[in-house]
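Reader: I'd like to learn how to read a structure like this one. Could you walk me through it, feature by feature?

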Amino acid sequence: ATLAWQFNPTSANRSATYPLNLVIAKVACAASALVTVKAWLRRSNTGLTGTLLCKGGQIAGVAADVSSSITAAADTWEELTITFTPSEAGVVEIEALFYGGTTYSGYVSDMTISQA
């Protein structure tokens, strides 16, 4: 059995500008080395958008959001990957977010984080 965080947006107000989100990791980063974050996401309906996100502006060298969204069919696990290279040492938060529909479910599981 796979253990996963489950997201259930229940309001149409949960849009791209107001998604249901959760910080799923806090990552200590060294300066000038590529960070790779991977996580498995799944959705019960393609009307739901699921995204792995590192918000821009948390650390020098990562000015803009870095994200990857589900493209797989409903009820299919998909491994999403984001990469970034901070120019200073520090900590960033990684989030999972979901929006779309009012009766669908999204899931996040099995995360891996590495730095070159």
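Reader: Leaving aside its neighbours within four places in sequence, which residues is Thr36 in contact with?

Author: Before we start, keep in mind that this is a predicted model. To read contacts, skip the sequence neighbours and look at what remains. For Thr36 that leaves Thr81, Ile82 and Thr83, along with Thr112, Ile113 and Ser114.

Reader: Where is Thr36 found, and what stands opposite Thr36 in β6?

Author: Thr36 is part of strand β3, and Thr83 is its opposite number in β6.

Reader: Is Thr36 buried or exposed?

Author: Here you need a cut-off: buried means under 20% relative accessible area. Thr36 has 15% relative accessibility, so Thr36 counts as buried.

Reader: How do strands β3 and β6 run, and how many bridges join them?

Author: Bridges are what you look for when you ask how strands pair. Strand β3 covers residues 35-43, and seven bridges join β3 to β6, with the two running antiparallel. One of the residues to look up is Leu41, whose bridge partner in β6 is Glu78.

Reader: What is the order of the strands in the open sheet?

Author: Read a sheet from one side to the other, not along the sequence. Four strands form this open sheet, in the order β1-β8-β3-β6, and the pairing is antiparallel. At the edges sit β1 (5-7) and β6 (78-84), each of which pairs on one side only. From one strand to the next, the twist averages 30°.

Reader: Which residues of β6 are on the covered face, and which on the uncovered one?

Author: Take the two faces of the strand in turn. On the covered face of β6 you'll find Glu78, Leu80, Ile82 and Phe84. The uncovered face has Glu79, Thr81 and Thr83.

Reader: Let's try a cysteine. Where does Cys54 lie, and what is Cys54 in contact with, leaving aside its neighbours within four places in sequence?

Author: Cys54 lies in strand β4, which spans residues 49-54. Its contacts are Ala64, Asp65, Val66, Ile82, Phe84, Val92, Glu93 and Ile94. Ile82 and Phe84 should ring a bell, as both belong to the covered face of β6. Sequence and space can also be compared: Cys54 and Ser67 are 13 residues apart in sequence, and their C-alpha atoms are 6.4 Å apart.

Reader: Why does Cys54 count as buried?

Author: Use the cut-off from before. Cys54 has 0% relative accessibility, so Cys54 counts as buried. Cys29 is buried too, because its relative accessible area is 6%.

Reader: How many disulfides are there?

Author: To call a disulfide, you want two cysteine sulfur atoms within 2.5 Å. By this rule the count is zero. The closest cysteine sulfur to that of Cys29 is in Cys54, 7.3 Å away, so the pair is too far apart for a bond.

Reader: Stepping back, how many helices and strands does the protein chain have?

Author: For an overview, list the elements from the N terminus on. The chain has zero helices and eight strands, so to speak a plain run of β-β-β-β-β-β-β-β.

Reader: Why does the radius of gyration agree with a compact globule?

Author: You compare the chain with what its length would suggest. With 116 residues, a compact globule would have a radius of gyration near 13 Å, and this chain has 14 Å, which agrees. The C-alpha trace spans about 40 × 30 × 20 Å along its principal axes. Buried residues make up 36% of the 116 residues.

Conventions. Residues numbered from 1 in each chain as written. Predicted model: local features only at pLDDT ≥ 70, side-chain atom pairs only at ≥ 80, totals over all residues. Heavy atoms only, no water. Buried < 20%, exposed > 50% of the residue type's maximum accessible area, 1.4 Å probe, protein only. Contact = heavy atoms within 4.5 Å. Pairing = 2+ DSSP bridges. Axes fitted to C-alpha atoms, helices over the stretch in contact; angles between N-to-C directions. Rg over C-alpha atoms; globule rule 2.2 N^0.38 Å.
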